[in-house]
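User: Could you take a close look at one part of this protein for me? I'd like a connected walk-through rather than a list.

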Amino acid sequence: MATRIAGAAIALIAIVGCSWAVGMTEPDRTAQLAPFRRADAIPFPETNPYSRAKAELGRSLFFDPVLSRDGTRTCGTCHLPSNDWTDDRPRAPRNDGAAMATRTPTLLDVAWSERSLGWDGQFRDLESVAFGPITAAANMNMTEALLIERLSAVPSYVSAFRAAFPEAADEARPITRLRIEQALATFQRLIVAGPAPFDRWVSGETGAVSAAARRGFDLFTGRAHCEACHSGPSFTDGSFHDIGTAQGEEIGRGRFFPTSTALRHAFKTPTLRNVARRPPYMHDGSVTTLAAVIDLYDRGGIDRPSRSRDIRPLNLTPGEKADLIAFLESLTDAGADGPAYQPLPDHPPTP
Ligand code: HEC
Ligand code: HEC
């Protein structure tokens with residue numbers, strides 16, 4: 001009987017609590033949400049404008065093992081469309097079985113982080129990335145000359161390059177390094193995270209995300225300072241920071257700026273799109289769950305001169321930690337592997 005009464009009391013509290021919450025007016029977050037609204041168009045540079053033929057050629061190259069010397073690797077070996085364009089390994093696999101120094105970054109929303117590619121920003125734009133993995137001895141282990149020779153021996157590639165680059169229509173040897181780079185970059189700019197519940201909330205649908213996610217967003221943009229670096233619709237400032245994780249010799253961006261204190265151990269701010277679906281985390285895959293990521297920020301990482309001033313112990317309650325995770329989960333789309341499999345559009349698509 002006592003249990004029954006207690007049960008009824010709890011139910012009553014739940015109902016009252018609930019109607020109280022519903023009765024509470026949602027704060028007006030229009031200004032707070034506006035900076036996170038998706039862009040109307042994917043940016044394609046003037047020097048490499050979009051065309052469907054070029055994007056299709058880029059897609060063929062991206063998934064073709066002909067790009068690796070022994071024919072065992074494609075770009076998709078590590079940037080798996082079914083795994084949000086990364087893999088589930090802490091660090092990328094070398095071709096000798098050992099692990100590379102860093103984790104494979106996702107390619108989601110890569111069109112918006114052009115100036116800062118690679119964990120340490122070693123690449124200046126998307127075009128200039130491709131021959132990094134292609135020629136790396138521990139990766140695809142190719143040479144430019146051998147790749148061009150191999151592709152030129154495949155008639156369908158010769159005609160695809162002629163179709164993708166109209167100025168090459170009459171050239172006897174239309175396959176060049178620049179065109180390989182441009183085709184791959186055009187395809188990769190199509191890799192955009194799909195609409196998530198968070199985007200529906202930004203568009204005005206309050207109920208699209210849970211109350212916990214909304215509280216988490218308030219923490220994210222407020223007391224927890226996350227937005228200082230994870231800003232804008234892709235949740236990255238495209239810059240480099242020491243958040244207090246990297247140890248010892250892992251100096252990240254500091255490699256290029258040996259006298260800078262702030263860039264020592266600084267790595268690129270990753271996008272948070274679909275983050276809940278793609279552990280492990282960080283440049284070295286050293287953090288295995290979102291809960292562990294939040295604990296790290298709560299502790300404030302390693303306290304040292306290079307650590308960003310936006311990182312400090314947060315003293316979050318267990319409830320606040322759960323709210324932050326609920327918010328991060330609201331950034332998950334229905335599956336963004338579309339450009340890998342779907343027909344590509346005639347005109348530059350909208351996100
Ligand atoms: C062995 C796994 C592997 C393969 C194969 C691979 N990548 Fe990567 N990719 C990585 C890793 C690891 C990084 C990070 C490198 C760094 O920061 O030093 C990276 C970084 C990138 C980036 C920068 C992304 C960003 O947000 O900073 C792009 C773009 C990219 N790769 C495209 C490609 C393309 C195109 C190919 C095929 C030509 C390719 N990758 C093949 C593992 C791989
Ligand atoms: C000072 C800038 C900065 C602030 C503030 C910041 N981050 Fe980060 N965040 C980064 C950087 C840089 C990385 C990558 C670090 C690395 O790879 O070692 C990162 C990584 C992450 C990752 C892992 C993403 C992945 O793909 O591996 C998550 C999740 C994350 N941050 C969430 C948050 C949350 C939640 C907050 C607020 C509590 C926050 N960040 C505050 C800069 C920041």
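User: By class, how many nonpolar, polar and charged residues are there in the lining of the second largest pocket? Please start there, then carry on to where the two domains touch.

Analyst: Sure, and keep in mind that this is a predicted model. The lining of the second largest pocket has 12 nonpolar residues and five polar ones, with no charged residues in it. The pocket's volume comes to about 300 Å³. In total 17 residues line it, and Leu190, Val192, Gly338, Pro339 and Gln342 are the ones closest to its centre. Now set those numbers beside the domain assignment: domain 1 takes in 52-192 + 337-341, while domain 2 covers 194-329. So Leu190 and Val192 come from the first stretch of domain 1, and Gly338 and Pro339 from its second, because the assignment puts 52-192 and 337-341 together.

On to the two domains. Their C-alpha centres sit 28 Å apart. Contact involves 22 residues of domain 1 and 24 residues of domain 2. As for how such a surface is sized, the accessible area lost when the parts come together is a figure often given. Here the area buried between domain 1 and domain 2 is about 1800 Å², and carbon and sulfur atoms give 53% of that. On the domain 1 side, Asp84, Trp119 and Asp120 lose the most area to domain 2, together making up 34% of what that side buries.

Asp120 also turns up in the charge pairing: it forms a salt bridge with Arg255, with the closest N and O atoms 2.9 Å apart. The count of salt bridges between the two domains is two. Polar contacts between domain 1 and domain 2 come to 13 residue pairs. By class, the side of domain 1 that touches domain 2 has six nonpolar, eight polar and eight charged residues. Put that next to the pocket you asked about, where the lining has no charged residues.

Note on methods
Residues are numbered from 1 along each chain as its sequence is written. Chains are lettered from A and ligands numbered from 1 in the order in which they are written. This is a predicted model: local features need pLDDT of at least 70, side-chain atom pairs count only at pLDDT 80 or more; totals for chains, interfaces and linings use all residues. Side-chain values use heavy atoms; hydrogens and water are left out. Contact means heavy atoms within 4.5 Å. Buried area is the accessible area (1.4 Å probe) that two parts lose on being put together, summed over both. A salt bridge is a side-chain nitrogen of Lys or Arg within 4 Å of a carboxyl oxygen of Asp or Glu. A polar contact is a pair of N or O atoms within 3.5 Å; within protein, one must be able to donate a hydrogen and the other to accept it, and residues adjacent in sequence count only if both atoms are side-chain atoms. Ala, Val, Leu, Ile, Met, Phe, Trp, Tyr, Cys and Pro count as nonpolar, Asp, Glu, Lys and Arg as charged, and the others, Gly among them, as polar. On a 1 Å grid over the protein atoms alone, a cavity is a set of points where a 1.4 Å probe fits but cannot get out, and a pocket is an open set with protein on both sides within 12 Å along at least five of seven lines; lining residues have an atom within 4 Å of a point. Grid points are joined across faces, edges and corners, and a volume is the space filled by probe spheres set on the points.
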